[in-house]
Amino acid sequence: MKRGLLCAAVALLAASCSTAQPVTSVADQRAMLVGPQGPEGPAGPAGAPGSVGAKGAPGAIMAGPAGAEGPVGPAGAQGPAGPAGAAGAVVVGRAGVAGPAGPAGAQGVTGQPGAQGSSLTGPAGPVGPAGPAGAQGIAGQKGVQGPTLVGPAGAAGRRGAEGVQGVTGQAGAQGITTAGVAGATGRSGSAGAQGSVGGAGAQGPVGVIDRWTSFRDFEFEYDRADIQASDMSKVAEIAAYTKQNPSIQLGIDGSMDPRGTDPRNQELSDRRVEAVRSALIKAGVRASSIRAGAFGDTELRRDRRVEVLLMSTSDVSTRD
């Protein structure tokens, strides 16, 4: 390639000389000629490697089309047939219900007796001699039990005659009317969905809660003891209320419904109570203002439910 470039340069130089003024001396001509390229020198040392470039963006993942479905394999060899089961016993079906008797048909006309025919007894023939008894054959094997066949229901029996109408009895004396005992109160239904929070009212005077009063409740999933994400807002509401009312004592009741169908699991109930207590402390509620026990209404107890109740601190010792 270098020789080709050299020849091109010589040709270009010759062309330019043809348009210039003519050379007058051989020395000038030699001075304008370019000599052949010298031998190529040895390669220099390799330079230091450059820094590694940044990793390119990952390419898009494209799932290839599903391959063609392979042929269905040959069916396996047929297994041997099992022995036939024992034949069922013959069961006689129960008699069908007796149906009503149909109405009796009209009595037909009695026909006249026919004429007496003549009787003629022929003579008895002679009795032939008895043949010799044949040899007793071998008893055959018992045949296979035939399949059970339930016969059809029998025809409906004739309807019996209607009995004589009995004498109507006298009316009994009027009994004493007694009011029945009121039944037990039915079980309370499940609590309804939490309504939207209304606007904050005007600040009223500090009141006193003289008994354990339900405030919020937490629903847990089956066999789980972690608070659901939808109930975490209740933790913040309880913490904010106790911060505004430092005299409030909290009661956590995780009692299970004794009438429920789920097996009692006190260890799981205790872990749910502790989960609510830990979440309240983490939200800023003082641990000294939280108590655990059976404070709520027994009619409202339900499995997988933990209730948080309120009471003024001054009344806690006298209301437990």
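A residue is called buried when its relative accessible area is under 20%. In this predicted model, strand E4, made up of residues 305-312, is mostly covered by that criterion, since eight of its eight residues are buried. The side chains of E4 alternate in direction: Arg-305, Glu-307, Leu-309 and Met-311 point one way, whereas Val-306, Val-308, Leu-310 and Ser-312 point the other way. Residues on both sides of the strand are buried.

E4 belongs to an open sheet of four strands, arranged in the order E1-E4-E2-E3 with mixed pairing. The edges of the sheet are formed by E1 and by strand E3 (290-292). Each of these edge strands has a single partner strand, so one side of each is left without a neighbour in the sheet. On average, and with direction ignored, neighbouring strands of the sheet are turned by 25 degrees against each other.

Strands of a sheet pair through backbone hydrogen bonds, in either a parallel or an antiparallel manner. The pairing of E1 with E4 is antiparallel and extends over six bridges. Within the E1-E4 pair, Ser-214 stands opposite Leu-309 of E4. On the other flank, strand E2 (residues 248-253) is joined to E4 by six bridges, and these two strands also run antiparallel. Here Gly-251 has Leu-309 of E4 as its bridge partner. Leu-309 is thus placed opposite Ser-214 and is also paired with Gly-251. E2 and E3, in contrast, run parallel and are joined by three bridges. In this parallel pair, Gly-251 stands opposite Arg-291 of E3.

Two helices lie across the sheet. Helix H3 crosses E1, E2 and E4, and runs at about 155 degrees to E1. Helix H4 lies across E1, E2, E3 and E4, with an angle of about 150 degrees to E2.

In soluble globular proteins, nonpolar side chains tend to be buried together. The largest nonpolar core of the model contains 19 residues, of which Phe-218, Ile-227, Leu-250, Ile-252, Val-276 and Leu-280 touch the most other members. At least two residues of this core come from each of H3, E2, H4 and E4. The greatest contribution is that of H4, which gives five residues.

The surroundings of Ile-252 illustrate the packing. When residues up to four places away in sequence are not counted, Ile-252 touches Val-273, Val-276, Arg-277 and Leu-280, among others. Its other contacts include Ile-290, Arg-291, Ala-292, Gly-293 and Phe-295, as well as Val-306 and Glu-307. Thr-242 is located in helix H3 and is buried, with a relative accessible area of 11%. With the same sequence neighbours left out, Thr-242 touches Leu-250 and Val-285.

Charged side chains were examined next. The structure holds ten salt bridges. One of them links the side chains of Asp-217 and Lys-234, with an N to O distance of 3.8 Å. Asp-217 lies in strand E1 (residues 213-219) and Lys-234 in helix H3 (residues 232-244), so this pair ties together parts that are 17 residues apart in sequence. Both residues of the pair, Asp-217 and Lys-234, are buried.

Lys-234 also forms a salt bridge with Asp-231, in which the closest N and O atoms are 3.4 Å apart. Asp-231 is buried, its relative accessible area being 8%. Lys-234 has a relative accessibility of 13% and therefore counts as buried.

A further salt bridge connects the side chains of Arg-271 and Glu-267, at 2.8 Å from N to O. These two residues are four residues apart in helix H4 (residues 266-282), so they are separated by about one helical turn. Arg-271 is partly exposed at 39% relative accessibility, and Glu-267 is partly exposed as well, with a relative accessible area of 47%. Elsewhere, salt bridges that share partners join Asp-217, Asp-231, Lys-234, Arg-305 and Glu-307 into one network. Of this network, Arg-305 and Glu-307 are residues of E4 that point one way from the strand.

The loop between helix H2 (26-32) and E1 contains Arg-187. This residue is partly exposed, at 47% relative accessibility. Arg-187 and Leu-300 are 113 residues apart along the chain, and their C-alpha atoms are separated by 8.4 Å.

Notes:
Residues are numbered from 1 along each chain as its sequence is written. This is a predicted model: local features need pLDDT of at least 70, side-chain atom pairs count only at pLDDT 80 or more; totals for chains, interfaces and linings use all residues. Side-chain values use heavy atoms; hydrogens and water are left out. A salt bridge is a side-chain nitrogen of Lys or Arg within 4 Å of a carboxyl oxygen of Asp or Glu. Buried means under 20% relative accessible area, exposed over 50%, partly exposed in between (1.4 Å probe, protein chains only). Two strands pair if DSSP finds at least two bridges between them. A nonpolar core is a set of buried Ala, Val, Leu, Ile, Met, Phe, Trp, Tyr and Cys residues joined through side-chain atoms within 4.5 Å. Contact means heavy atoms within 4.5 Å. Axes are lines fitted to C-alpha atoms, for helices over the stretch in contact, and angles run from 0 to 180 degrees between N-to-C directions.
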